[in-house]
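Please look at the sequence and the model below, and then follow the strands and helices as they are taken up in turn.

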Amino acid sequence: MERNDYWVVSPHADDAVLSAGALIHFLAEAGRSVGVFTIFAGHGRGERSPLALSAERLWGLGSDAVASRQREDQRACSRLGATVRFGESPDAVYRRDPTDGTPLYAHQHELFGEMHPHDRKATVQNVADELTELRANHAFLVPSAHGDHVDHRIAKHAAQLVLPDRQVWSYADLPYAESAGRRTFRGSTPSRGPVSDTDSYTVKLSAAAEYSSQLALVTGASTSRQALAIVSSWSERFTRGFAR
Ligand SMILES: [Zn+2]
């Protein structure tokens, strides 16, 4: 496994870029090597569940949505000057119980509810195993799990199990942190320095535009122009250690 100065742990293709894209670009411009590890980028097994099919319809990516989302992620990260590595676990909408083949989550709202026992044990462990292979000279940036999406909670939990506390910074999960977690997250946006760097925010927008399957969904906007205006209104926020 390659050693990077920074690893940004991204539950899905798009979380690292939307939540920390300006910082990633700033670090890369300063000559640091930055890797994005997109955890839930694997192919699911078996047939698509109704929830998976409806998600894929919304994304509008055709028959191999997983590969298409990887390509979007690849293009976005390369605009920021970062490399990307993909984990093998599938997105929650594709995961099934190995004992009886039933989908772990049948409805959209369940993705934000109780974690399925299979995820609590096996998926967390698989992700933790993948994270132990990452080596960072300086820091790991991990999600705070604002919004409570099960994949974000698994990412945070697995990171807590294996990443060295002293090297961890947490990022506010955007867009979720713009509403639910906004008042409780104690992270800061420095008024000077990396994350207020105007050029980096501009490059971040060009990277965000690569996620054409996701932008309308995460912003609620009807045109890509509106969606990018919304993304540009979000401020990236970080805090040392694991967020509570
Ligand atoms: Zn996500």
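The paragraphs that follow begin with the sheet, go on to the helices that lie on it, and end with a pair of packed helices.

The model is a predicted one, and in it an open sheet of 6 strands takes the order β3-β2-β1-β4-β5-β6, with mixed pairing. Because β3 and β6 (238-240) stand at the edges and each have a single partner strand, one side of each is left without a neighbour in the sheet. From one strand to the next the twist averages 25°.

Within this order, strand β1 (residues 3-10) runs parallel to strand β4 (residues 135-143), to which it is joined by 5 bridges, and Arg3 stands opposite Arg135 in β4. Helix α1 (residues 15-29) packs on the sheet, where it touches β1, β2, β4 and β5 (168-171), and its direction makes about 160° with that of β1.

Towards the β3 edge, strand β2 (residues 34-38) and β3 run parallel and are joined by 4 bridges, with Thr38 opposite Phe86 in β3. Strand β3 (residues 83-86) has Val84 and Phe86 on its covered face, whereas Thr83 and Arg85 belong to the uncovered one. Helix α3 (residues 65-80) lies across β2 and β3, running at about 155° to β3.

How do the two remaining helices pack? The axes of helix α4 (residues 117-132) and helix α5 (residues 150-162) are 8 Å apart and make an angle of about 55°, and the two helices are therefore oblique to each other. Their crossing is right-handed. Among the residues that meet are Val124, Val127 and Leu131 in α4, and Ile154, Ala158 and Leu161 in α5; the residues of this contact divide into 11 nonpolar, 3 polar and 1 charged.

Definitions and conventions. Residues are numbered from 1 along each chain as its sequence is written. This is a predicted model: local features need pLDDT of at least 70, side-chain atom pairs count only at pLDDT 80 or more; totals for chains, interfaces and linings use all residues. A residue is buried if 20 or more other C-beta atoms lie within 10 Å of its own, exposed if 12 or fewer, and partly exposed in between; C-beta atoms are placed from the backbone. Two strands pair if DSSP finds at least two bridges between them. Axes are lines fitted to C-alpha atoms, for helices over the stretch in contact, and angles run from 0 to 180 degrees between N-to-C directions. Angles under 35 degrees count as roughly parallel, over 145 as roughly antiparallel, 65 to 115 as roughly perpendicular and the rest as oblique. A crossing is left-handed if the near helix is turned anticlockwise from the far one by less than a right angle, and right-handed if clockwise. Two residues are in contact if their C-beta atoms, placed from the backbone, lie within 7 Å. Ala, Val, Leu, Ile, Met, Phe, Trp, Tyr, Cys and Pro count as nonpolar, Asp, Glu, Lys and Arg as charged, and the others, Gly among them, as polar.
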